[in-house]
Amino acid sequence: MKIKKVRGVKDILPGEIEKWQWVESITHSVFSNYGFKEIRVPIFEYTKLFSRGIGETTDIVEKEMYTFEDKGGEMITLRPEGTASVARAYVENKLYNPPSLTKLYYIGPMFRYERPQAGRFRQFYQIGVEAMGSQSPSVDAEVICMVSELLKRLGLKNTELQINSLGCPECRPQYRELLKKSGREKFEELCNNCQQRLDRNPLRLLDCKVETCSEIAQELPKTAEHLCEKCDQEFSLVKELLTSANTDFTINFKLVRGLDYYSKTAFEIVSSDLGAQSAVCGGGRYDQLVEEFDGPATPCFGFAIGLDRLVSLISTDDNPEIFRKPDLFIVALGEAAEKETFKITQNLRKQGVSVDRGYESTSMKSQMRKADKSGAAFVLILGENELNSRTCPLKNMSDGEQKDISLETLLADAKSVLISPT
Ligand code: HAM
């Protein structure tokens with residue numbers, strides 16, 4: 001019986017995985033320069049963590065969660081995002097003691113039951129960041145600069161940083177009422193979805209993709225024009241700091257984000273190279289979530305990058321170092337040479353040399369083809385004669401030059417031999 005993978009998931013195979021590893025290693029390096037530490041949280045949690053944290057009226061909670069009852073009768077959900085889990089871990093492990101800014105990041109799979117299409121999966125991966133414990137707008141700016149720097153280091157082009165302010169519990173209720181009022185005036189023209197959620201979640205009217213709603217949204221009151229004085233000042237400071245760091249941005253008044261926990265600064269990074277699912281990264285400030293989970297008042301700022309989308313934008317031509325090639329390939333001809341090759345490869349690998357080899361004594365031609373395909377810098381040929389003389393031809397694959405080398409010289413200091421064989 002042939003069993004296929006589930007719809008909306010994928011295998012990441014050699015040839016592709018190197019890009020993921022390269023992105024992840026640069027991520028670890030950039031984030032650690034900013035003082036962020038990795039956290040690993042479970043991929044499943046009690047369902048109520050997400051329904052309370054993300055919001056009952058969001059698409060994720062209403063339609064997209066992978067939820068099941070476990071054998072003990074508990075309602076469990078595969079995490080659709082990382083922020084709620086990190087906030088739970090922050091409270092449960094009292095990471096607020098001693099009080100300071102806690103800077104965390106995570107890389108891992110998330111699960112959403114969405115309609116699969118290019119760039120949209122049911123199991124996808126995120127690189128997420130949560131800076132917890134400061135309301136300073138400089139944290140917003142610093143975290144946005146960090147993700148911009150990461151995308152730059154990865155060589156991404158054609159991206160746009162869009163920002164908006166969603167206001168706070170002081171000014172948002174008035175703005176919501178204003179939106180509801182304007183929405184009601186155009187009620188008949190709204191799509192079904194927007195009609196249904198107008199009272200519960202009027203902000204979503206702003207980012208509805210249905211054409212009539214999107215046209216109506218152009219005329220709706222804009223969040224950033226209805227901020228209280230404090231939110232207005234803080235948003236101005238975020239913009240000022242981004243400008244001072246030469247981080248280009250545009251203001252997108254329609255940017256509201258699809259999760260309920262946000263307030264104040266919200267942002268997305270979109271790429272014109274991605275097609276319909278153009279958001280590579282999304283995030284913002286969420287100042288109430290930790291309290292929602294019975295933690296102390298903890299203003300937070302964070303984001304998540306869609307790793308699948310990010311990797312699809314990485315060019316291997318511009319970054320040839322992504323594929324690590326063997327330093328040496330050993331062509332082993334005959335049974336005795338094979339045995340010796342086993343010993344030599346073990347020895348060289350212990351010296352930190354990356355070695356591949358031919359197996360099962362296939363012909364010289366077929367092993368040379370494999371050596372070529374592996375991209376190895378050097379090829380060593382080991383047959384019966386070479387074994388007797390302990391001297392082998394070593395071919396430099398970049399210029400085709402071939403020299404004889406004694407096995408003892410190679411084994412004594414493989415790294416220097418393979419840099420400049422004599
Ligand atoms: P989000 O906007 O739901 O935010 O997701 C962040 C990113 O994950 C998106 O911009 C997109 O690149 C990627 N993504 C989302 N759904 C899919 C999917 N089905 N297939 C492929 N990629 C996808 C959050 O998840 C928040 N937790 C971000 C955050 C962290 N806010 C504060 N801290």
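Biologist: How many bridges join E15 to E16?
Modeller: In this predicted model, strand E15, residues 391–396, is joined to E16 by 5 bridges, and the two run antiparallel. One bridge pairs Thr391 with Ser406 of E16.

Biologist: In what order do the strands of that sheet lie?
Modeller: The order is E13-E12-E14-E15-E16, an open sheet of 5 strands with mixed pairing. Strand E13 (355–357) and strand E16 (402–406) are the edge strands, each pairing on one side only. From one strand to the next, the twist averages 30°.

Biologist: Which helix packs on the sheet, and which strands are touched?
Modeller: Helix H13, residues 364–374, packs on the sheet and touches strand E12 (328–332), strand E14 (378–382) and E15. The direction of H13 makes about 170° with that of E12.

Biologist: Turning to the sheet with E2, E3 and E4, what is the strand order there?
Modeller: There the order is E2-E4-E3, in an open sheet of 3 strands with antiparallel pairing. E2 and E3 are the edge strands, and each pairs on one side only. The twist averages 30° from one strand to the next.

Biologist: How many bridges do E2 and E4 pair over?
Modeller: E2 and E4 pair over 3 bridges, in the antiparallel sense. Phe44 has Leu78 of E4 as a bridge partner.

Biologist: And how many join E3 to E4?
Modeller: E3 and E4 run antiparallel and are joined by 4 bridges. Thr67 has Thr77 as its bridge partner in E4.

Biologist: What lies between E3 and E4?
Modeller: The two strands form a hairpin with 5 residues between them. Gly73, in the turn, has a positive phi of about 80°.

Biologist: Where does H2 lie relative to these strands?
Modeller: H2 lies across E2, E3 and E4, and runs at about 80° to E2.

Biologist: Is H2 largely enclosed or largely exposed?
Modeller: H2 spans residues 47–54, and 6 of its 8 residues are buried, so the helix is largely enclosed by the rest of the structure. The buried residues are Thr47, Leu49, Phe50, Ser51, Gly53 and Ile54.

Biologist: Which elements do those buried residues pack against?
Modeller: They pack against three strands and three helices, namely strand E2 (44–46), strand E3 (66–69), strand E4 (75–78), helix H3 (59–64), helix H4 (83–92) and helix H10 (289–292).

Biologist: What follows H2 in the chain?
Modeller: Gly55 follows H2, and its phi is positive, near 115°.

Biologist: Changing topic, how many residues are in the largest nonpolar core?
Modeller: The largest nonpolar core has 48 residues. Those with the most contacts inside this core are Phe31, Phe267, Phe303, Ile305 and Leu310. Helix H5, residues 137–153, gives the most to this core, with 9 residues.

Biologist: What does Phe31 touch?
Modeller: Not counting residues up to four places away in sequence, Phe31 touches Phe36, Tyr105, Ile127, Val129, Met146, Leu150 and Phe303. Another core, of 44 residues, lies apart from the largest one, and includes Val86, Leu104, Cys194 and Val256.

Biologist: How many cavities of 30 Å³ or more are there?
Modeller: The count comes to 1 cavity of 30 Å³ or more. The largest cavity has a volume of about 40 Å³.

Biologist: Which residues line the largest cavity?
Modeller: The lining is made up of Pro137, Asp140, Ser165, Cys231, Glu234, Phe235, Lys264, Thr265 and Arg285. H5, helix H9 (229–244) and strand E9 (263–271) are the elements that give two or more residues to this lining. H9 provides the largest share, 3 residues.

Biologist: One last residue: where is Arg115 found?
Modeller: Arg115 is in the loop between strand E5 (102–111) and strand E6 (123–132).

Biologist: Why does Arg115 count as exposed?
Modeller: Its relative accessibility is 56%, and exposed means over 50%, so Arg115 counts as exposed.

Biologist: Which residues is Arg115 in contact with?
Modeller: Leaving aside neighbours within four places in sequence, Arg115 is in contact with Arg7, Arg120 and Arg122. As for Ser25, 90 residues apart from Arg115 along the chain, the two C-alpha atoms are separated by 31 Å.

Methods. Residues are numbered from 1 along each chain as its sequence is written. This is a predicted model: local features need pLDDT of at least 70, side-chain atom pairs count only at pLDDT 80 or more; totals for chains, interfaces and linings use all residues. Side-chain values use heavy atoms; hydrogens and water are left out. Buried means under 20% relative accessible area, exposed over 50%, partly exposed in between (1.4 Å probe, protein chains only). Contact means heavy atoms within 4.5 Å. Two strands pair if DSSP finds at least two bridges between them. Axes are lines fitted to C-alpha atoms, for helices over the stretch in contact, and angles run from 0 to 180 degrees between N-to-C directions. A nonpolar core is a set of buried Ala, Val, Leu, Ile, Met, Phe, Trp, Tyr and Cys residues joined through side-chain atoms within 4.5 Å. On a 1 Å grid over the protein atoms alone, a cavity is a set of points where a 1.4 Å probe fits but cannot get out, and a pocket is an open set with protein on both sides within 12 Å along at least five of seven lines; lining residues have an atom within 4 Å of a point. Grid points are joined across faces, edges and corners, and a volume is the space filled by probe spheres set on the points.
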